[in-house]
Amino acid sequence: MAQLQIRIDGDPILRKKSRKVETFDDSLQQLIDDMYDTMYGAEGVGLAAVQIGKLKRLIVLDDYEGTKMVLINPERVAEEGSCEAMEGCLSVPERMGKVERFEKVKINYMNEKGEEKTFQAEDFLARIIQHEMDHLEGILYIDRAEEMYNVNNSREEDEEQ
């Protein structure tokens with residue numbers, strides 16, 4: 001297992017759409033293991049393959065509340081409610097933004113064995129899933145943020161004045 005380099009905003013690959021995973025083999029499992037190592041090393045809660053330069057529809061996540069998952073080829077099939085909260089991203093260091101997301105989501109996906117699954121998430125876990133699924137479409141949370149802040153919590157507009 002290895003920690004891989006996380007691509008940072010400005011890298012053109014982050015704006016590309018990821019491709020469907022077709023092959024479930026040892027190299028996919030190795031990539032999953034490396035992605036977990038990378039995510040934990042960076043103290044993140046989710047990581048999409050595109051963030052380490054792989055255009056695959058693959059996400060790893062761990063909400064540190066008992067849910068650790070691999071989502072392959074995820075598709076949102078239902079959503080409900082709305083909530084606003086602060087988000088950060090391993091690909092957008094030193095910044096956070098206020099983002100509105102669905103409160104609950106239901107997704108279809110495949111696990112690392114290629115088995116089809118359905119999962120329903122709410123609150124923080126739903127936010128992680130939506131954030132990471134955006135990465136698969138070349139969307140960063142900064143595209144959705146209503147307000148952006150530096151990590152010291154000062155609003156970016158305030159600093160520009």
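Start by selecting A85, which sits in strand 4. Keep in mind as you go that this is a predicted model. With a relative accessibility of 27%, A85 counts as partly exposed. Now add A121 to the selection and draw a C-alpha to C-alpha distance: the two residues are 36 apart in sequence and 16 Å apart in space.

**Stop 1: the salt-bridge network**

Stay on strand 4 (residues 83-89) and pick E87, then add R101 from strand 5 (residues 92-101). What joins the side chains of R101 and E87? They meet in a salt bridge, 2.8 Å from N to O. Because R101 belongs to strand 5 and E87 to strand 4, this pair ties together parts that are 14 residues apart in sequence. Are R101 and E87 buried or exposed? Both of them are buried.

Keep R101 selected and bring in D134. Here is another salt bridge, again with 2.8 Å between the closest N and O atoms of D134 and R101. D134 is in helix 2 (residues 123-136) while R101 is in strand 5, so this contact ties together parts that are 33 residues apart in sequence. D134 is buried, as is R101.

Now widen the selection to E87, R101, R127, D134 and R144: these residues are linked in a network of salt bridges. If you want to hunt for others afterwards, a search of the whole structure finds 12 salt bridges.

**Stop 2: K104 and its partners**

Next, select K104 and E80. Their closest N and O atoms are 3.7 Å apart, and the two form a salt bridge. K104 is in strand 6 and E80 in strand 3, so you are looking at a link between distant parts of the chain, 24 residues apart. How accessible is K104? Its relative accessible area is 28%, which makes K104 partly exposed. E80 is also rated partly exposed, at 47%.

Leave K104 on screen and look across to strand 7, where E122 stands opposite K104. Colour the two strands to see the pairing: strand 6 and strand 7 (residues 116-122) run antiparallel and are joined by 7 bridges. Then follow the chain round the hairpin that connects them. There are 5 residues between these strands, and G114 takes a positive phi near 85° in this hairpin.

**Stop 3: strand 3 and its two pairings**

Select strand 3 next. Which way do strand 3 and strand 6 (residues 104-110) run relative to each other, parallel or antiparallel? They run antiparallel, with 6 bridges between them. For one of the contacts, pick I72 and then M110, its bridge partner in strand 6.

Now look at how strand 3 (residues 68-80) pairs with strand 2 (residues 58-62): this pairing is antiparallel too, over 5 bridges. Select D62 and you will find K68 of strand 3 opposite. The hairpin here also has 5 residues between its strands, and Y64 is the one to click on, with a positive phi near 60°.

Before leaving strand 3, pick N73, which is found in this strand. What is unusual enough to check in a torsion plot is its phi, near 50°, a positive value in a residue other than glycine. N73 counts as buried, at 8% relative accessibility.

**Stop 4: the loop after helix 1**

Move on to E43, in the loop between helix 1 and strand 1 (46-48). Phi of E43 is near 60°, again positive in a residue other than glycine. Is E43 buried or exposed? E43 is exposed, with a relative accessible area of 72%.

**Last stop: a charged patch**

Finish by switching on the surface and selecting K16, R19, K54 and K56. What do these residues form on the surface? They gather in a patch of positive charge. Zoom in on R19, which lies in the segment before helix 1 (26-41). R19 has a relative accessible area of 57%; the cut-off for exposed is over 50%, so R19 counts as exposed.

How values were computed: Residues are numbered from 1 along each chain as its sequence is written. This is a predicted model: local features need pLDDT of at least 70, side-chain atom pairs count only at pLDDT 80 or more; totals for chains, interfaces and linings use all residues. Side-chain values use heavy atoms; hydrogens and water are left out. Patches are made of residues with over 30% relative accessible area and no salt bridge: like charges are joined within 9 Å, nonpolar side chains (Val, Leu, Ile, Met, Phe, Trp, Tyr) within 5 Å. Accessible areas come from the Shrake-Rupley method with a 1.4 Å probe; for residues, only the protein chains shown count as cover. A salt bridge is a side-chain nitrogen of Lys or Arg within 4 Å of a carboxyl oxygen of Asp or Glu. Lys and Arg count as positive and Asp and Glu as negative; His and the chain ends are not counted. The place of a charge is taken as NZ of Lys, CZ of Arg, CG of Asp or CD of Glu. Helices (H or I, at least four residues) and strands (E, at least two) are DSSP runs, numbered from the N terminus. Buried means under 20% relative accessible area, exposed over 50%, partly exposed in between (1.4 Å probe, protein chains only). Two strands pair if DSSP finds at least two bridges between them.
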